[in-house]
Each structure stands twice: as C-alpha cells, then as structure tokens.
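Hi everyone, thanks for coming. I'll walk you through one protein today, and I'll try to keep it relaxed. Let's put it on the screen.

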Amino acid sequence: MHLAAPPTLTVMATSHVYSGDADPQHNAALDGLCFVDIPWMLTAHQNVTHGRVDALARLYAMGIDAYRLLPRLTGLANNPGGYYPGQTGGLSVDQVGRIQRQLRSIVSVMAARSFPPNDAIFQS
C-alpha cells in the first residue's frame, strides 16, 4: 500500500517577523515563512539609512511616499487605474479621492536568497 505524502503546510505571519536585516544567517529561522511587508523593507534601503534598521524604517518610507506622491496626486486622481510604485506599496487614488495602497500578496522568505526586485513587488 502506498500512502500519499501529507500536504505542505504554509505558515503565515505579519510583517513584525522581519526586522529589515538582510543577513541570511540572521534570517535562517524565517526560511519558508510567508508574510507581507512594504517594498522599502524588502529592498536595499540600508544605503539611505546608513546600514541601520530601526523601528522607524516603515515611517521613513511613508514620508518618502508622501513627498513623492504630492506632485502626482492630480494626475492619479484624473486617471482611473493610475498607479505609483511607492516605497510603502502600490499607490493609487480612488473615486472619492482617498489614497489606496496595495502590497504584494505574499513574500516567501528564503534565508540564503535575496528578496525580489522592487518592481516585482507589485506583481500579483
């Protein structure tokens, strides 16, 4: 008698599991874990923050998006389906004028590999 292998269990978590440290040895415990986070945390932003990752990194990314989005607001509002690939996710303006953010659905962490490039973050 041949038994089928048990299905693979997908383990999901919040973005709190990833500190932003890109060191593969530090992230070995995250191998195979799935979570969602902003592109800023998943790319090489350490050059801008001088290699330090702190609790305010996500807030810093939101400030960058606010600064860069301001001159684009009118264009996004007048263009349904308009999209800006920000540091906190894909940004758009809805019919009421609210800014909407879309993250990549799930990022699978492999300790020995790097994260996908920033432009791949927004592909669903």
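Let me start with a question: at 40% relative accessibility, does Y60 count as buried, partly exposed or exposed? Have a quick think. Y60 counts as partly exposed, because buried would need under 20% and exposed would need over 50%. Before I go on, please keep in mind that this is a predicted model.

Okay, the overview. The protein has three helices and six strands. If you read along the sequence, the pattern goes β-β-α-α-α-β-β-β-β. There are 124 residues, and 32% of them count as buried. The protein exposes about 8,500 Å², and carbon and sulfur atoms supply 58% of that. One more number for the fold as a whole: take the contacts with a separation of 6 or more, and 44% of them come from residues 24 or more positions apart.

Now back to Y60, and to its partner. Searching the whole structure turns up one aromatic pair. The ring centres of W40 and Y60 are 5.5 Å apart and the planes sit at 55°, so we call the pair tilted. Where are these two residues? W40 is in helix α1, residues 39-42, while Y60 is in helix α2, residues 57-69, so the pair ties together parts that are 20 residues apart in sequence. And the burial of W40? With 5% relative accessibility, W40 counts as buried, whereas Y60, as we said, is partly exposed.

Next, the sheet. A quick reminder from the textbook: strands in a sheet pair through backbone hydrogen bonds, and they can do that parallel or antiparallel. Here, three strands make an open sheet in the order β3-β4-β5, with antiparallel pairing. β3 and β5 are the edge strands, each pairing on one side only. From one strand to the next, the twist averages 35°. Helix α2 packs on this sheet and touches β3, β4 and β5, and its direction makes about 150° with that of β3. That is the helix that carries Y60.

Let's go through the two pairings. Strand β3, residues 84-86, is joined to β4 by three bridges, and Y84 stands opposite L91 in β4. A hairpin of two residues takes you from β3 to β4. On the other side, β4 and β5, residues 99-102, pair over four bridges, with S92 opposite Q100 in β5. That hairpin has five residues between its strands, and G97 in the turn has a positive phi of about 100°.

So how enclosed is β4, residues 89-93? Four of its five residues are buried, so the strand is largely enclosed by the rest of the structure.

Last stop: D94, in the loop between β4 and β5. What does its side chain reach? The side chain of D94 gets to the backbone nitrogen of R98 at 2.7 Å. The D94 side chain also makes a polar contact with the side chain of Q100, at 3.1 Å. You've met Q100 already: that's the residue opposite S92. And is D94 buried or exposed? D94 has a relative accessible area of 16%, which is under the 20% cut-off, so D94 counts as buried.

That's my tour. Happy to go back to any part of the picture.

Note on methods. Residues numbered from 1 in each chain as written. Predicted model: local features only at pLDDT ≥ 70, side-chain atom pairs only at ≥ 80, totals over all residues. Heavy atoms only, no water. Phe/Tyr/Trp six-rings, centres within 6.5 Å; stacked < 30°, edge-to-face > 60°. Buried < 20%, exposed > 50% of the residue type's maximum accessible area, 1.4 Å probe, protein only. Pairing = 2+ DSSP bridges. Contact = heavy atoms within 4.5 Å. Areas by Shrake-Rupley, 256 points an atom, 1.4 Å probe, with all protein chains shown as cover. Polar contact = N/O pair within 3.5 Å; in protein donor to acceptor, adjacent residues only side chain to side chain. Axes fitted to C-alpha atoms, helices over the stretch in contact; angles between N-to-C directions.
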